[in-house]
Amino acid sequence: MEAKSYELGDVVQMKKAHPCGVNEWKIIRLGADIRIKCEGCQHSVMIPRREFDKKLKKVLVQANTDEN
Ligand SMILES: [Zn+2]
């Protein structure tokens with residue numbers, strides 16, 4: 001299994017789409033809990049990092065691709 005890496009500002013796809021039909025979420029807070037905001041309706045949810053890791057499908061857009 002490859003480790004999933006994500007950073008603040010990344011746009012990710014989850015295993016389940018938001019009820020509004022959009023499956024694109026922006027990471028707006030990164031800590032023990034992670035807050036993601038639906039790109040479709042701007043609704044935001046806070047979930048524990050462990051749960052986020054389980055529900056994350058893939059990273060769609062990386063906010064910062066610099067390696068420094
Ligand atoms: Zn939504």
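Strands are DSSP runs of E with at least two residues, helices are DSSP runs of H or I with at least four, and both are numbered from the N terminus. This is a predicted model: local features need pLDDT of at least 70, side-chain atom pairs count only at pLDDT 80 or more, and totals for chains, interfaces and linings use all residues. Residues are numbered from 1 along each chain as its sequence is written.

**Exercise 1. Place glutamine 42 and describe its backbone.**

Step 1: find the element. Glutamine 42 sits in the loop between strand 3 (33-38) and strand 4 (44-48).

Step 2: look at the backbone angle. Glutamine 42 has a positive phi of about 70°, although it is not a glycine.

Step 3: is glutamine 42 buried or exposed? A residue is buried if 20 or more other C-beta atoms lie within 10 Å of its own, exposed if 12 or fewer, and partly exposed in between, with C-beta atoms placed from the backbone. Glutamine 42 has 9 other C-beta atoms within 10 Å, so it is exposed.

Step 4: look at the flanking strands. Strand 3 and strand 4 form a hairpin with 5 residues between them. Their pairing is antiparallel, over 5 bridges. Two strands pair if DSSP finds at least two bridges between them. Lysine 37 stands opposite serine 44 in strand 4.

**Exercise 2. Work out the overall layout.**

Step 1: list the elements. The protein has 1 helix and 5 strands. Along the sequence they follow the pattern β-β-β-β-α-β.

Step 2: order the strands. The 5 strands form an open sheet in the order 4-3-2-1-5, with antiparallel pairing. The edges are strand 4 and strand 5 (56-61), each of which pairs on one side only. Neighbouring strands of this sheet are turned by 40° against each other on average, direction ignored; the axes are lines fitted to C-alpha atoms, for helices over the stretch in contact, and angles run from 0 to 180 degrees between N-to-C directions.

Step 3: inspect one pair. Strand 1 and strand 2 (residues 25-30) run antiparallel and are joined by 2 bridges. Valine 11 stands opposite lysine 26 in strand 2.

Step 4: check the cover. Of the 68 residues of the protein, 10% count as buried. Strand 4 is hardly covered: the count of buried residues among its 5 residues is 0.

**Exercise 3. Compare the surroundings of valine 12 and leucine 30.**

Step 1: place both. Valine 12 is in strand 1 (residues 11-14). Leucine 30 is in strand 2.

Step 2: count neighbours. Valine 12 has 23 other C-beta atoms within 10 Å, so it is buried. Leucine 30 has 16 C-beta neighbours inside 10 Å and therefore counts as partly exposed.

Step 3: find partners from elsewhere in the chain. Valine 12 and valine 61 are 49 residues apart in sequence and 6.8 Å apart in space, C-alpha to C-alpha. Leucine 30 and leucine 8 are 22 residues apart along the chain, and their C-alpha atoms are separated by 6.1 Å.

Step 4: list contacts (C-beta atoms, placed from the backbone, within 7 Å). Not counting residues up to four places away in sequence, valine 12 touches Tyr6, Trp25, Ile27, Leu56, Lys58, Val59 and Leu60.

**Exercise 4. Identify the largest nonpolar core.**

Step 1: apply the rule. A nonpolar core is a set of buried Ala, Val, Leu, Ile, Met, Phe, Trp, Tyr and Cys residues joined through C-beta atoms within 7 Å.

Step 2: name the members. The largest one has 7 residues in all: Val12, Trp25, Ile27, Ile34, Ile36, Cys38 and Phe52.

Step 3: find the contributors. Strand 2 and strand 3 each supply at least two residues of this core. Strand 3 gives the most, with 3 residues.

Technical notes
Contact = placed C-beta atoms within 7 Å.
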